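Let's take a walk through this protein together, from one part of its surface to its interior and back out to a few loops. Please have the structure open and ready to turn as you read.

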Amino acid sequence: MIVVAVADFDVAALIFGGLLVIGALASGLAHRSFLSLTAVFVLAGFLLGDGGFGVLEIDPRSGFVHDLALVALIVILFRDGLEVEAEMLQKAWRLPVRKLVIAMPLTCVIVAVATHWLTDLGWTESFLVGALLSPTDPVLSSSVVTNPRVPRVVRHSLNLESGLNDGLALPAVLAFAAVLSGDEGFVWWHFVLQDVTLGFAFGIALGLLAAAAIPRDSDIPAHQRSLYALGCAFVTYGVTVLPPAGNGLIAVFVFAITLGIRRQDLRHTFEERADDIVEIVKLGVFVVFGSLLTLDGLFGDGWAAVGVVAVTLLIARPAAIAVALLGTRLPFYLQAFMAWFGPKGVATMAFSLLVLGDGFPAAEEIFNLAALCVFTSILAHGLTDTPGSNWVANRAGEPAPAP
């Protein structure tokens, strides 16, 4: 077996460039079929990594993997935050708030109970698994929330939920991980309050500042204005995580919402140029993620691991959404659509890598449970996003796109 470390830039460049070429050539086929390029990238990483031919050898505890996942989250949360419309934020905030306040914690509890019952993990470890698997992923749901044929209220609700729940889940993940790591000076309620509050505060403040700092009628080229907006997103993350340390992911998403509402010109400028950036980031993240997977690791808990995944995707999310949306008078088919499209992806992967790096006894088992759920979700949701969007659009009477 030939093993080449990922540090070998020549091999990494060959693999990365080859997958970009294949992805571009296969994009037309993907639009005409049930094929998901995200699933293809993950499978390619799996075949090239330790689970396959061993061409890519990546240390999951390395700073490279952690930083790549964070860069992906920052770029994607910024792009999705810009998609939030002021009118919908004022008129249709109840659905995403219900899902964040009710459905997300309920999902965590259901997954935790199932994990404790199906595996040998204790309650704290099980609730850590629940916290890892409770957020939905803006990457895998992006094709749904950007499809104009999907009803506007559904797109807005899924977008706002997936953008905020990544950051809201992080305090719980870090809190449970700190307890398991034996950090005696950790005060969870103080951490959560500080983490979330500062995230919102920095996001709003820096969004207003960035909107006012660049003139509306300046002669700055459009591509430079787009880079200005993206650069401000990274600045927002970096400033927020400095002591006293707020939640940088929440800050980036709130920053993007604020900037997009205050400066729609910057919003449109970035959106016209964002697709290539997002696709490259997605490719890198999912190839690296796939390379970290092995069959022995994914199925280390046997049928118990399969059971945890089934409960997470088929029971926890639908049940939590059904409870959260009681009394909303939303048609059942729209509730079912939102219940299914709660994919697990970059956020769960990034958070589980943080857990794996802590090195407490159950960290590797927890990582593998989360990885199996993400891998299954990528395949299941990636293969159903296009047909699902078409189905809900037809039910809602939305016209088909022009040839």
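A good place to start is Trp93, which sits in the loop between helix 4 (86–91) and helix 5. Keep in mind that what you are looking at is a predicted model. Is this tryptophan buried, partly exposed or exposed? Trp93 has a relative accessible area of 36%, so it counts as partly exposed. Trp93 also has company: together with Val97, Val101, Ile102, Val323 and Leu326, it makes a nonpolar surface patch of about 520 Å². Which element gives the largest share of that patch? The answer is helix 5, with three residues.

Helix 5 will also lead us inside. A search of the whole structure turns up two cavities of 30 Å³ or more, and the largest cavity holds about 40 Å³ of space. In general, rolling a probe the size of a water molecule over the atoms shows where empty space is left. Around the largest cavity you will find Lys99, Ala103, Met104, Thr107, Ser134, Thr136, Glu161, Asn165, Arg317 and Lys344. Two elements give two or more residues to this lining, namely helix 5 (94–118) and helix 8 (152–180). Of the elements, helix 5 gives the most, with four residues. What is the chemical character of the lining? It divides into two nonpolar, four polar and four charged residues.

Some of those charged residues deserve another look. Glu161 and Arg317, both part of the cavity lining, meet through their side chains in a salt bridge, with 2.6 Å from N to O. Because Glu161 lies in helix 8 and Arg317 in helix 15, this pair ties together parts that are 156 residues apart in sequence. Are the two partners buried or exposed? Glu161 has a relative accessible area of 3%, so it is buried. Arg317 is buried too, at 4%.

The whole structure has four salt bridges according to the search, and another of them takes us to a second region. There, the side chains of Arg225 and Asp265 meet at 2.8 Å, N to O. This pair links distant parts of the chain, with Arg225 in helix 10 and Asp265 in helix 12 (residues 264–271), 40 residues apart. Arg225 is buried, with a relative accessible area of 8%, whereas Asp265 is partly exposed at 25%. Asp265 has a further partner, since the side chain of Arg263 also meets it in a salt bridge, again with 2.8 Å from N to O. With a relative accessible area of 2%, Arg263 counts as buried. Back at the cavity, salt bridges that share partners join Lys99, Glu161 and Arg317 into one network.

Now follow the chain onward from helix 10 for some backbone detail. Most residues other than glycine have a negative phi, and most peptide bonds are trans. With that in mind, what is the form of the peptide bond from Pro243 to Pro244? This bond is cis, with omega near 10 degrees. Pro244 is placed in the loop between helix 10 (222–240) and helix 11 (248–262). In the loop between helix 10 and helix 11 you will also find Ala245, which has a positive phi of about 65 degrees although it is not a glycine. Ala245 counts as partly exposed because its relative accessibility is 31%.

Arg329 offers another positive phi in a residue other than glycine, here near 60 degrees. Look for Arg329 in the loop between helix 15 (303–324) and helix 16 (332–340). Is Arg329 buried or exposed? At 83% relative accessibility, it counts as exposed.

Our last stop is Asp50, in the loop between helix 2 (37–48) and strand 2 (56–57). Asp50 has a relative accessible area of 47%, so it is partly exposed. Which residue, 243 residues away along the chain, has its C-alpha atom 6.9 Å from that of Asp50? That residue is Leu293.

Notes. Residues are numbered from 1 along each chain as its sequence is written. This is a predicted model: local features need pLDDT of at least 70, side-chain atom pairs count only at pLDDT 80 or more; totals for chains, interfaces and linings use all residues. Side-chain values use heavy atoms; hydrogens and water are left out. On a 1 Å grid over the protein atoms alone, a cavity is a set of points where a 1.4 Å probe fits but cannot get out, and a pocket is an open set with protein on both sides within 12 Å along at least five of seven lines; lining residues have an atom within 4 Å of a point. Grid points are joined across faces, edges and corners, and a volume is the space filled by probe spheres set on the points. Ala, Val, Leu, Ile, Met, Phe, Trp, Tyr, Cys and Pro count as nonpolar, Asp, Glu, Lys and Arg as charged, and the others, Gly among them, as polar. Patches are made of residues with over 30% relative accessible area and no salt bridge: like charges are joined within 9 Å, nonpolar side chains (Val, Leu, Ile, Met, Phe, Trp, Tyr) within 5 Å. Accessible areas come from the Shrake-Rupley method with a 1.4 Å probe; for residues, only the protein chains shown count as cover. Buried means under 20% relative accessible area, exposed over 50%, partly exposed in between (1.4 Å probe, protein chains only).
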